[in-house]
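Here are some exercises to work through with the model open beside you. Try each task before reading its solution.

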Amino acid sequence: QVQLVESGGGLVQPGGSLRLTCAVSGSVFGISSMGWYRQGSGKQRELVATINSSGSTNYAGSVKGRFTISRDNAKNTVYLQMNSLKPEDTDVYYCKANVIVVGDYWGQGTQVTVSS
């Protein structure tokens, strides 16, 4: 029933921009926190950015000032605007949503490649 569908990934040159979109499908009571994570080099996915229902945001130090997370509560959709992209940003990006009462759901991942 509840699914997260990601889009917007692709190939971009260093210094370029991309916008990732994650839409939650299915009827849900509500969504508290939403966020973006990337695989990184370890076993654990690393936090990129999160946003709660009031609009408060949190960013990893490596992306702060370059990335902006936002959400459209009416559409149950979260966005990640990525500017000034670096080759080090290359990774698979995963969307996560905390559905109220139910729990966490993850998207399928979308590839972001920053290369000249």
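**Exercise 1. Find the residue that stands opposite Phe67 in strand 8, then describe the surroundings of that strand.**

Step 1. Phe67 stands opposite Met82 in strand 8. Strands here are DSSP runs of E with at least two residues, and helices are runs of H or I with at least four, numbered from the N terminus. This is a predicted model, where local features need pLDDT of at least 70, side-chain atom pairs count only at pLDDT 80 or more, and totals for chains, interfaces and linings use all residues. Residues are numbered from 1 along each chain as its sequence is written, and side-chain values use heavy atoms, with hydrogens and water left out.

Step 2. Strand 7 (residues 67-72) runs antiparallel to strand 8, and 6 bridges join them; two strands pair if DSSP finds at least two bridges between them. In their hairpin, with 4 residues between the strands, Asn76 takes a positive phi near 50°.

Step 3. Strand 3 (residues 18-25) is also antiparallel to strand 8, again with 6 bridges. Here Cys22 stands opposite Val78.

Step 4. Strand 8 (residues 77-82) is largely enclosed by the rest of the structure, because 5 of its 6 residues are buried. Buried means under 20% relative accessible area, exposed over 50%, and partly exposed in between (1.4 Å probe, protein chains only).

**Exercise 2. Decide whether Thr21 is buried or exposed, and list its contacts beyond four places in sequence.**

Step 1. Thr21 is found in strand 3. Its relative accessibility is 19%, so Thr21 counts as buried.

Step 2. Leaving out residues up to four places away in sequence, Thr21 touches Val5, Glu6, Ser7, Trp36, Thr77, Val78 and Tyr79. Contact means heavy atoms within 4.5 Å.

**Exercise 3. Trace the salt bridges that involve Arg38 and Asp89, and see which residues they join.**

Step 1. A search of the whole structure finds 3 salt bridges, each a side-chain nitrogen of Lys or Arg within 4 Å of a carboxyl oxygen of Asp or Glu.

Step 2. Start with Glu46 and Arg38, whose closest N and O atoms are 2.9 Å apart. Glu46 is partly exposed at 32% relative accessibility, whereas Arg38 is buried at 6%.

Step 3. Arg38 also meets Asp89 in a salt bridge (3.3 Å, N to O). This pair links distant parts of the chain: Arg38 lies in strand 4 and Asp89 in the loop between strand 8 and strand 9, 51 residues apart.

Step 4. Asp89 forms a further salt bridge with Arg66, with the closest N and O atoms 2.8 Å apart. Arg66 sits in the loop between strand 6 (57-59) and strand 7, 23 residues from Asp89. Asp89 is buried at 2% relative accessibility, and Arg66 is buried at 11%. Through shared partners, the salt bridges join Arg38, Glu46, Arg66 and Asp89 into one network.

**Exercise 4. Classify the ring pair of Tyr37 and Trp106.**

Step 1. Rings of Phe, Tyr and Trp (its six-membered ring) pair if their centres lie within 6.5 Å; planes under 30 degrees apart count as stacked, over 60 as edge-to-face and the rest as tilted. The count comes to 1 aromatic pair.

Step 2. The centres of the Tyr37 and Trp106 rings are 5.1 Å apart and their planes are at 65°, so the pair is edge-to-face. Tyr37 in strand 4 (residues 31-38) and Trp106 in strand 10 are 69 residues apart.

Step 3. Tyr37 counts as buried at 12% relative accessibility, while Trp106 is partly exposed at 37%.
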